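Visitor: Please pick one part of this protein and give me a close look at how its pieces meet. I'm new to this, so keep it friendly.

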Amino acid sequence: MRKVSIIVPVYNVDKFLHKCVDSILAQTLTDFELLLVDDGSKDNSGLICDKYAAKDSRVRVFHKENGGVSSARNLGLENAQGDWIIFIDSDDWIEPNMLKDIYEKAILEHADLVYCDLRMIFNNHTEILHIAEYNTNKTKMLNNFIKSTFGTAVGMLAKKNLYESNEIRYPIGVKFCEDFYVAIRLMLYSEKICYIPTTYYYYNRQNEASASHSFSYRDSDGVQWVFMDTIDLFQREGRYNEYSEALSWRLLKSKQDLVLNEDTYDKFLSMHPDSHRYIWSCPYINVKIKIMMWALSHNLKFIAELFLLARKIKMKLFK
């Protein structure tokens with residue numbers, strides 16, 4: 001039994017995989033297992049995984065048919081043997097002391113979950129990313145995380161028991177916000193959350209093939225489902241009132257495109273109408289969208305239609 005299971009979903013990343021795995025195997029905390037889940041890669045990624053497994057007994061490789069990152073992560077969860085779980089994306093890399101520091105922090109503080117800062121790597125610059133402003137008050141902490149526009153679960157060290165006791169798994173078929181789906185559940189069910197204000201994790205935005213570079217409006221249904229399902233969860237747990245503003249803001253952001261098409265007006269109105277009371281305070285949508293949302297939610301459809309008409313005329317004039 002290892003202390004930590006590190007799960008890395010792998011798909012067509014042979015250009016980046018060595019840097020990722022090498023950074024993991026160089027960790028100063030050595031009592032871990034590394035699960036490389038090859039999600040039906042068509043390049044040399046699967047072969048690279050096998051070579052690492054042949055050289056280091058801590059590396060376990062699983063080859064599967066392509067099913068998406070969520071299915072790969074879930075396979076890793078089902079086979080993890082460590083007491084703690086951490087996910088790392090296969091085109092990212094970590095500092096050598098990351099695992100040791102966050103594990104020792106978790107043990108020292110009797111925490112269920114520990115997270116740190118990330119550094120986003122672009123072609124010409126880097127940016128430090130704070131996943132969420134930390135607060136020892138759990139309600140404030142969760143609200144801060146929900147309001148954060150980058151709700152990731154990578155780089156978070158969490159007790160395996162959190163996943164097992166609460167049946168937390170990644171949602172299949174959802175391409176975006178699947179990290180938020182898992183991270184918010186881990187936080188909700190954690191008794192204690194800790195934070196280390198250090199940049200240990202390097203999030204690679206140079207990989208043009210990654211999911212973060214390929215979002216389209218076709219994916220918005222999945223994003224909306226994530227926030228609706230999360231709202232349902234908080235309602236079932238009797239915790240919705242504490243987080244209604246933050247959850248509504250995220251939902252409103254995800255469904256703003258619904259007011260730009262008359263055919264989706266009904267969907268906008270039917271999707272958690274309680275969120276409409278937060279339209280004017282929502283920081284994620286512009287004034288025109290706010291007016292259209294407000295008009296639709298107050299049976300003033302003609303105002304939204306006027307905005308749509310003006311938008312169409314403008315597009316024709318500047319075509």
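**Around helix 9**

Guide: Let's start with helix 8 (residues 220-236) and helix 9, whose axes lie 10 Å apart and make an angle of about 170 degrees (axes are lines fitted to C-alpha atoms over the stretch in contact, with angles from 0 to 180 degrees between N-to-C directions). So helix 8 is roughly antiparallel to helix 9 (over 145 degrees; under 35 is roughly parallel, 65 to 115 roughly perpendicular, the rest oblique). Helices (H or I, at least four residues) and strands (E, at least two) are DSSP runs numbered from the N terminus.

Keep in mind that this is a predicted model, where local features need pLDDT of at least 70 and side-chain atom pairs need 80 or more, while totals for chains, interfaces and linings use all residues. Residues are numbered from 1 along each chain, and side-chain values use heavy atoms, leaving out hydrogens and water.

Now for who meets whom. Helix 8 brings Ser220, Val223, Gln224, Phe227, Met228, Thr230, Ile231, Phe234 and Gln235. Facing them in helix 9 are Tyr240, Tyr243, Leu247, Arg250, Leu251 and Ser254. To count as a contact, heavy atoms must be within 4.5 Å.

Helix 9 also has a link to helix 5. Lysine 147 and glutamate 245 form a salt bridge, with their closest N and O atoms 3.6 Å apart (the rule is a Lys or Arg side-chain nitrogen within 4 Å of an Asp or Glu carboxyl oxygen). Because lysine 147 sits in helix 5 and glutamate 245 in helix 9 (residues 240-254), this pair ties together parts 98 residues apart in sequence. Lysine 147 is partly exposed, at 28% relative accessible area, and glutamate 245 is partly exposed too, at 31% (buried is under 20%, exposed over 50%, partly exposed in between, with a 1.4 Å probe and protein chains only).

Follow that link over to helix 5 (residues 138-147), and you find its axis coming within 10 Å of the axis of helix 7 (residues 178-189), crossing at roughly 175 degrees. That makes helix 5 roughly antiparallel to helix 7. On the helix 5 side, Lys138, Met141, Leu142, Phe145 and Ile146 do the meeting. Their partners in helix 7 are Phe180, Ala183, Ile184, Met187, Leu188 and Tyr189. As for Glu178 and Asp179, they join Arg73 and Asp89 in a network of salt bridges.

Back to where we began, with one more neighbour. Histidine 276 lies in the loop between helix 10 (265-270) and helix 11 (287-297). Leaving aside residues up to four places away in sequence, histidine 276 touches Leu252, Lys255, Phe268, Leu269 and Ser297. At 13% relative accessibility, histidine 276 counts as buried.

Check out the residues on either side of that histidine in the numbering, too. Aspartate 274 and arginine 277 pair up through their side chains in a salt bridge, 2.8 Å from N to O. Aspartate 274 is partly exposed at 27%, whereas arginine 277 is exposed at 54%.

For contrast, take a salt bridge elsewhere: arginine 58 and aspartate 56 meet at 2.9 Å, N to O, and both of these residues are buried. A search of the whole structure turns up 18 salt bridges, so you've plenty left to explore by yourself!
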